[in-house]
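Student: I'm new to this one, and I'd like a close look at a single part of it. Could you pick the part, walk me through it slowly and then show me how the rest fits around it?

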Number of protein chains: 2
Amino acid sequence: MNIILFDRNELSPDGTIARFDDRRANHIRQVLRPSVGDELSVGVTNGRIGTGKVTQFDEKAVTLEVRLDRDPPAPLPLTVVLALPRPKVMRRVLHGLTVMGAKRVVLLNSARVEKSYWQTPFLGAEELNRLLLLGLEQAGDTMLPEILLRRKFRPFVEDELPALSERTLKLVAHPAAAGECPRGAGRPVTLAIGPEGGFVPFEIGLFEAAGFEPVRLAERILNVETAVPASVGRLF
Amino acid sequence: MNIILFDRNELSPDGTIARFDDRRANHIRQVLRPSVGDELSVGVTNGRIGTGKVTQFDEKAVTLEVRLDRDPPAPLPLTVVLALPRPKVMRRVLHGLTVMGAKRVVLLNSARVEKSYWQTPFLGAEELNRLLLLGLEQAGDTMLPEILLRRKFRPFVEDELPALSERTLKLVAHPAAAGECPRGAGRPVTLAIGPEGGFVPFEIGLFEAAGFEPVRLAERILNVETAVPASVGRLF
């Protein structure tokens with residue numbers, strides 16, 4: 001937890017005092033172990049960041065005097081379109097993307113996605129929110145990514161993706177592609193990454209029709225968990 | 001499993017026939033589902049890669065006619081010096097580094113490494129070997145990375161690291177560094193990555209004395225699992 005996050009409505013009416021008695025208080029007491037007067041990194045979910053001066057703490061609660069004087073880190077100009085991985089991998093990949101600053105992720109069905117993956121409770125709004133908050137707390141960021149669930153491949157790629165990816169560099173990861181993934185894109189990117197085994201040729205064809213260029217991420221065949229952060233590192 | 005790996009001594013004396021009745025046979029039968037005559041990607045651990053033509057398979061075993069006609073992918077010219085993460089994270093990071101083609105990883109003690117991490121059975125030679133093989137099978141590679149365990153920080157950094165990192169670009173990840181991690185290094189790299197919370201200043205000082213430049217990997221604070229593949233993606 002590199003930043004203590006709270007909602008706007010957890011602040012006192014004048015916006016200067018925050019008081020916690022939950023896992024954030026435990027973290028402050030047990031890991032950060034501040035003295036009264038110490039300043040901690042704080043932020044308002046989907047808002048600004050700043051410092052919280054510890055004015056009081058005991059076994060139950062921590063009280064901070066809050067000053068929100070800075071904007072959070074700039075968002076990564078990246079939309080990831082990801083064939084839904086199995087739930088454990090999905091959680092790690094979404095956490096990693098949040099840590100790196102991606103602000104929009106589309107979880108998409110695809111021929112090689114197992115239908116059962118869509119049944120996981122981890123795709124519930126509350127579960128996702130909890131996961132993304134952990135990512136923001138790691139990163140020192142406040143802006144929650146938007147997660148879109150799209151269970152129909154073709155309508156998404158044909159009807160919704162063109163507007164979503166407008167004026168971005170459009171790339172679809174494809175191990176058999178001739179071209180390599182560019183380095184340091186220098187502009188907004190929409191990056192589509194397939195399931196283990198890749199998108200099927202029909203799907204690659206639809207991405208190409210939507211203006212996406214197939215690119216190889218590496219000489220080796222990367223698993224999704226490795227491919228996502230490696231390609232973000234390469235592009236930004 | 002994007003390549004079927006076997007040891008040299010599993011081949012027939014003339015080096016042309018391989019026969020399996022273990023998890024590789026199961027994978028071939030249940031996932032790849034070839035017909036007799038189909039060719040699969042195969043490789044000899046620490047040796048060449050090529051094709052295995054299915055000549056026979058039944059409920060128990062699979063027999064391949066093997067032709068090893070190519071070298072495995074070129075190694076990534078990278079040594080990673082990694083403060084030992086907690087065991088689950090360590091396994092995922094080592095797997096990812098193997099998938100990306102790193103061939104030498106030093107697991108190092110550091111002030112912020114919990115001593116108990118060194119007790120994990122996952123650091124045993126057999127457990128490590130099993131994990132690295134899974135990475136090679138994902139990547140389509142044959143060359144096992146070398147894993148060095150170094151439980152004394154200072155003797156390693158002062159006495160061993162200079163020779164290990166000779167004629168490489170020497171970088172140590174440090175969130176507070178002024179300089180950014182370079183892109184596309186274009187030469188061999190030795191990259192040191194600290195524990196959650198980072199190397200302590202004394203440790204950064206010893207790395208600097210060994211010629212390492214502190215660099216920031218990103219504007220945000222990355223967890224180790226994200227930092228490692230993201231920085232490899234950026235450097236290579």
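Tutor: Here is a walk through the open sheet of chain A, followed by some of its surroundings and a few spots in chain B. This is a predicted model, where local features need pLDDT of at least 70 and side-chain atom pairs count only at pLDDT 80 or more, while totals for chains, interfaces and linings use all residues; side-chain values use heavy atoms, without hydrogens or water. Residues are numbered from 1 along each chain as its sequence is written, and chains are lettered from A and ligands numbered from 1 in the order in which they are written.

First, the setting. Chain A has six helices and twelve strands (DSSP runs numbered from the N terminus: H or I of at least four residues for helices, E of at least two for strands). Its C-alpha trace spans about 60 × 40 × 35 Å along the principal axes.

Now the sheet itself. Seven strands of chain A make up an open sheet with parallel pairing, in the order 8-7-6-11-9-12-10 (two strands pair if DSSP finds at least two bridges between them). At the edges stand strand 8 (146–150) and strand 10 (179–180) of chain A; each has a single partner strand, so one side of each lacks a neighbour in the sheet. Further in, strand 9 (residues 169–173) and strand 12 (residues 213–216) of chain A run parallel and are joined by three bridges. One pair to look for is A173(A), whose bridge partner in strand 12 of chain A is V215(A).

Helices pack on this sheet too. Helix 2 (residues 87–100) of chain A touches strand 6 (76–83), strand 7 (102–108) and strand 8 of chain A, and its direction makes about 155 degrees with that of strand 7 of chain A. Here contact means heavy atoms within 4.5 Å, and the angles run from 0 to 180 degrees between N-to-C directions of lines fitted to C-alpha atoms, for helices over the stretch in contact. Helix 6 (residues 224–235) of chain A packs on the sheet as well, touching strand 6, strand 9, strand 10 and strand 11 (189–193) of chain A; its direction makes about 160 degrees with that of strand 11 of chain A.

Elsewhere in chain A, strand 2 (residues 17–20) runs antiparallel to strand 5 (residues 62–70), with four bridges between them. In strand 5 of chain A, E65(A) is the bridge partner of I17(A). Side chains alternate along strand 2 of chain A: A18(A) and F20(A) point to one face and are buried, while I17(A) and R19(A) point to the other and are not. Buried means under 20% relative accessible area, exposed over 50%, and partly exposed in between (1.4 Å probe, protein chains only). Of the 236 residues in chain A, 55% are buried.

Chain B has its own strand 2 (residues 17–20), with A18(B) and F20(B) on a covered face and I17(B) and R19(B) on an uncovered one. Four bridges pair strand 2 of chain B with strand 5 (residues 62–70) of chain B in the antiparallel sense, and A18(B) stands opposite L64(B) there.

Two loop residues finish the tour. R33(B), between helix 1 (23–32) and strand 3 (39–44) of chain B, has a positive phi near 45 degrees without being a glycine, and is exposed at 64% relative accessible area. R167(B), in the loop between helix 4 (153–164) and strand 9 (169–173) of chain B, isn't a glycine either, yet has a positive phi of about 55 degrees; R167(B) is exposed, at 70% relative accessibility.
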